[in-house]
Amino acid sequence: MSLLRLLLSRPSTSILTVLGVLSACTVVVDEPRPAPAPIRAAQMCTMEYAPVCGERANRLRTFPNSCHARADGFRVLHQGECRPDFRPPVEQACTREYAPVCGERGRLRRTFPNACEARADGFRVIGSGECRRSDDPAPGQQFCTREYAPVCGQRGGRLTTFPNACEAGAAGFRIVRRGECG
């Protein structure tokens, strides 16, 4: 006989007593728990400074190298710092013609097999033929390490992010704060 029938069959038992007994009962439902999310192992990246522009959820951010970008969940868009006016380079097919040119991008000069290859790599052609020693930076110029400890430098009204203080100083910029420019 059930406990409820037993209590109701006694004349002295009230409904409140029955409800009190029923409220003291507990029902345990064993539902399966969701499996815990897998823990991602921390990725180890070098301190090499080879800046890349990464994107995640329409947000652009400059990283010291592609390993750091991927470790933070960003997709690498291109080599170099993110620029507000960036347009992805158009794929360009170049011939294998050998007509060497000297190309320049920032302070970097490099010899290319032809002008098309130089432009495809984002260099500006500054002369025909191979880059000569006289094209190299002036003697006594400061050389810096490739350590990544970003700083924000200012020259005139222009703010630029540099990989480290040495690079900012070598470019003639005054450091206004540590970290990237906003």
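This report describes the strands, disulfides and nonpolar core of one protein model.

The model is predicted, and for that reason local features are reported only where pLDDT is at least 70 and side-chain atom pairs only at pLDDT 80 or more, while totals for chains, interfaces and linings use all residues. Residues are numbered from 1 along each chain as its sequence is written, and side-chain values use heavy atoms, with hydrogens and water left out.

## Two sheets

Helices (H or I, at least four residues) and strands (E, at least two residues) are taken as DSSP runs and numbered from the N terminus, and two strands are said to pair if DSSP finds at least two bridges between them.

One open sheet is built from three strands in the order β2-β1-β3, with antiparallel pairing. Strands β2 (59-63) and β3 stand at its edges with a single partner strand each, so one side of each has no neighbour in the sheet. From one strand to the next the twist averages 30 degrees, where angles between axes, which are lines fitted to C-alpha atoms (for helices over the stretch in contact), run from 0 to 180 degrees between N-to-C directions. Five bridges connect β1 and β2 in the antiparallel sense, and within this pairing G54 stands opposite R61 in β2.

Strand β1 covers residues 52-56 and includes E55. The side chain of E55 makes a polar contact of 2.5 Å with that of R75; such a contact is a pair of N or O atoms within 3.5 Å, where within protein one atom must be able to donate a hydrogen and the other to accept it, and residues adjacent in sequence count only if both atoms are side-chain atoms. If residues up to four places away in sequence are set aside, E55 touches L60, F74, R75 and L77, contact meaning heavy atoms within 4.5 Å.

Another open sheet of three strands has the order β5-β4-β6, and its pairing is antiparallel. Here β5 and β6 (124-128) are the edge strands, each with a single partner, so one side of each is left without a neighbour in the sheet. Neighbouring strands of this sheet are turned by 30 degrees against each other on average, direction ignored. Strand β4 (residues 101-105) is joined to β5 (residues 108-112) by five bridges, with G103 opposite R110 in β5. These two strands form a hairpin with two residues between them, and G106 in the turn has a positive phi of about 65 degrees. On the other pairing, four bridges join β4 to β6, and E104 stands opposite R124 in β6.

## Disulfides

The structure holds six disulfides, a disulfide being a pair of cysteine sulfur atoms within 2.5 Å. With the bonded cysteines counted along the chain, their pattern is 1-3, 2-4, 5-7, 6-8, 9-11, 10-12. Including the relative accessible area, for which buried means under 20%, exposed over 50% and partly exposed in between (1.4 Å probe, protein chains only), the table sets out some of their cysteines.

| Cysteine | Bonded to | Relative accessible area |
|---|---|---|
| C94 | C116, S to S 2.0 Å | 24%, partly exposed |
| C102 | C131, S to S 2.0 Å | 2%, buried |
| C144 | C166, S to S 1.9 Å | 21%, partly exposed |

The link of C94 and C116 is left-handed, with -75 degrees about the S-S bond. This pair links distant parts of the chain, 22 residues apart, with C94 in the loop between β3 (75-79) and β4 and C116 in helix α4 (residues 115-120). At 18% relative accessibility, C116 counts as buried.

The torsion about the S-S bond of C102 and C131 is about 100 degrees, so this disulfide is right-handed. It ties C102 in strand β4 to C131 in the loop between β6 and β7 (151-155), 29 residues apart, and C131 counts as partly exposed at 21% relative accessibility.

For C144 and C166 the torsion is about -75 degrees, so the disulfide is left-handed. C144 lies in the loop between β6 and β7 and C166 in helix α5 (residues 165-170), 22 residues apart, and C166 is partly exposed at 23% relative accessibility.

## Nonpolar core

A nonpolar core is a set of buried Ala, Val, Leu, Ile, Met, Phe, Trp, Tyr and Cys residues joined through side-chain atoms within 4.5 Å. The largest such core has five residues, namely V151, F162, A168, A171 and F173. Leaving aside neighbours within four places in sequence, V151 is in contact with several residues, among them T160, F162, A168 and I175.
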